[in-house]
Structures are given as structure tokens and as C-alpha cells.
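User: I would like to go through the reasoning behind the labels given to this structure, setting each value against its cut-off.
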Amino acid sequence: MSANKAYPAERRLAYQLGRVLFAAKRSEEAREVLVYPAEMGSTSATDLLGFMYANGEGVRKDEAEAVRLYHQAADFGNTVAIYNLGVMYENGKGVTKDIAKARSYYQIAADRGDSDAKEALKRLSARPKKK
């Protein structure tokens with residue numbers, strides 16, 4: 001989109017534009033805009049792209065690609081991406097289901113203050129243990 005060309009150094013602006021387009025259900029345009037800030041190191045843009053791939057919004061659904069993008073954002077400390085990895089491992093989406101890994105990701109996100117991760121840990125703790 002033109003915002004990327006007009007303001008190439010403004011990855012934050014491009015990310016915000018991508019978020020607005022995504023919220024407006026203009027997912028394909030959002031994806032086009034979000035690629036730039038993600039490539040420039042925006043973990044928020046990378047996480048949002050992961051969400052789009054996980055749900056097939058504006059892109060072909062590809063859960064493995066979503067996990068790759070979540071890992072990329074999580075490696076640089078994005079708490080939402082860390083939580084999203086927990087979701088993917090808990091549900092076996094794009095990865096082999098692994099409750100222990102899910103719990104580990106949720107714990108990291110919860111330690112960083114993520115309320116959804118705290119709820120996920122409570123939910124997992126309430127599950128009966130498999131024998």
C-alpha cells in the first residue's frame with residue numbers, strides 16, 4: 001500500500017494501519033501492509049500475521065506458518081505471541097499437541113502479566129490428569 005512507500009521508516013505507522021484494516025475486515029489489505037513492519041522487526045505485526053494465518057483471515061489458513069510467526073515474535077519477547085504459542089500447543093494446531101509446552105508458554109506469558117494466560121493456566125490445572 002502507499003503508506004509503506006510514503007513512510008518507509010515508519011514501521012509503527014504501517015503496523016497501526018494494518019491493525020485498522022484488519023479490524024475493518026479488510027484482511028487482505030491488512031496482510032499487505034503488515035508484511036513491511038514485520039520484516040522490519042515489529043513483533044506486534046508478526047504476531048498479527050500469525051493470527052491471520054492461524055485463522056485464514058486475508059491469507060490461506062496455514063497453522064504451521066502461524067506457529068513459525070508466533071515463534072519469531074516470541075523470540076523477541078512478544079507476550080501475546082507467547083500466549084498464542086500456548087494456544088497452538090494446547091490444541092495441536094500447526095504442531096503436535098503438547099500440554100506441557102502449552103503450560104510452559106502460558107506460564108511465561110502469565111509471568112509477564114497476560115490475563116488470558118493466567119486463565120489458561122487455571123483451566124489446565126482444573127483438568128483431570130491422564131493416567
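**Labels and their reasons**

Analyst: In this predicted model, asparagine 84 has a relative accessibility of 13% and therefore counts as buried, since buried means under 20%. Asparagine 84 has its place in helix α6, and, leaving aside residues up to four places away in sequence, asparagine 84 touches Asp47 and Tyr70.

User: Why is tyrosine 89 called buried or exposed, whichever applies?

Analyst: The relative accessibility of tyrosine 89 is 9%, and the cut-off for buried is under 20%, so tyrosine 89 counts as buried.

User: What makes lysine 25 exposed, and what is notable about its phi?

Analyst: Lysine 25 reaches 71% relative accessibility, and because exposed means over 50%, the label follows. Lysine 25 sits in the loop between α2 (11-23) and α3 (27-39). Its phi is near 65°, which is a positive value in a residue other than glycine. Most residues other than glycine have a negative phi.

User: Why does glutamate 57 count as partly exposed?

Analyst: With 25% relative accessibility, glutamate 57 falls between the limits of under 20% for buried and over 50% for exposed, so glutamate 57 counts as partly exposed. Glutamate 57 is placed in the loop between α4 and α5, and, not counting residues up to four places away in sequence, glutamate 57 touches Phe22, Ser27, Phe51 and Met52. The C-alpha atoms of glutamate 57 and alanine 30 are separated by 9.6 Å, although these residues are 27 residues apart along the chain.

User: How many residues does the largest nonpolar core have, and which of them have the most contacts inside it?

Analyst: The largest nonpolar core has 22 residues, and those with the most contacts inside it are Tyr70, Tyr83, Leu85, Met88, Tyr89, Tyr106 and Ala117. At least two residues of this core come from each of α5 (63-75), α6 (79-91), α7 (99-111) and α8 (115-126), and α6 gives the most, with six residues. Apart from this core lies another, of 15 residues, among them Tyr15, Phe22, Leu34 and Leu48.

User: How many aromatic pairs does the structure hold, and why is the pair of tyrosine 83 and tyrosine 106 called tilted?

Analyst: There are three aromatic pairs in the structure. The ring centres of tyrosine 83 and tyrosine 106 are 5.5 Å apart, and rings pair if their centres lie within 6.5 Å; their planes stand at 35°, which is neither under 30 degrees nor over 60, so the pair is tilted. Because tyrosine 83 lies in helix α6 and tyrosine 106 in helix α7, this pair ties together parts that are 23 residues apart in sequence. Both tyrosine 83 and tyrosine 106 are buried.

User: What makes the pair of tyrosine 89 and tyrosine 105 stacked?

Analyst: The planes of tyrosine 89 and tyrosine 105 have 25° between them, with 5.6 Å centre to centre, and because planes under 30 degrees apart count as stacked, that is the label of this pair. Tyrosine 89 lies in helix α6 and tyrosine 105 in helix α7, so the pair ties together parts that are 16 residues apart in sequence.

User: Which classes of residue make up the contact of α3 with α4?

Analyst: The contact of α3 with α4 has ten nonpolar, two polar and one charged residues. These helices pack at an angle of about 145°, with their axes 9 Å apart, and α3 passes α4 in a left-handed crossing.

Conventions. Residues are numbered from 1 along each chain as its sequence is written. This is a predicted model: local features need pLDDT of at least 70, side-chain atom pairs count only at pLDDT 80 or more; totals for chains, interfaces and linings use all residues. Side-chain values use heavy atoms; hydrogens and water are left out. Helices (H or I, at least four residues) and strands (E, at least two) are DSSP runs, numbered from the N terminus. Buried means under 20% relative accessible area, exposed over 50%, partly exposed in between (1.4 Å probe, protein chains only). A nonpolar core is a set of buried Ala, Val, Leu, Ile, Met, Phe, Trp, Tyr and Cys residues joined through side-chain atoms within 4.5 Å. Rings of Phe, Tyr and Trp (its six-membered ring) pair if their centres lie within 6.5 Å; planes under 30 degrees apart count as stacked, over 60 as edge-to-face and the rest as tilted. Contact means heavy atoms within 4.5 Å. Axes are lines fitted to C-alpha atoms, for helices over the stretch in contact, and angles run from 0 to 180 degrees between N-to-C directions. A crossing is left-handed if the near helix is turned anticlockwise from the far one by less than a right angle, and right-handed if clockwise. Ala, Val, Leu, Ile, Met, Phe, Trp, Tyr, Cys and Pro count as nonpolar, Asp, Glu, Lys and Arg as charged, and the others, Gly among them, as polar.
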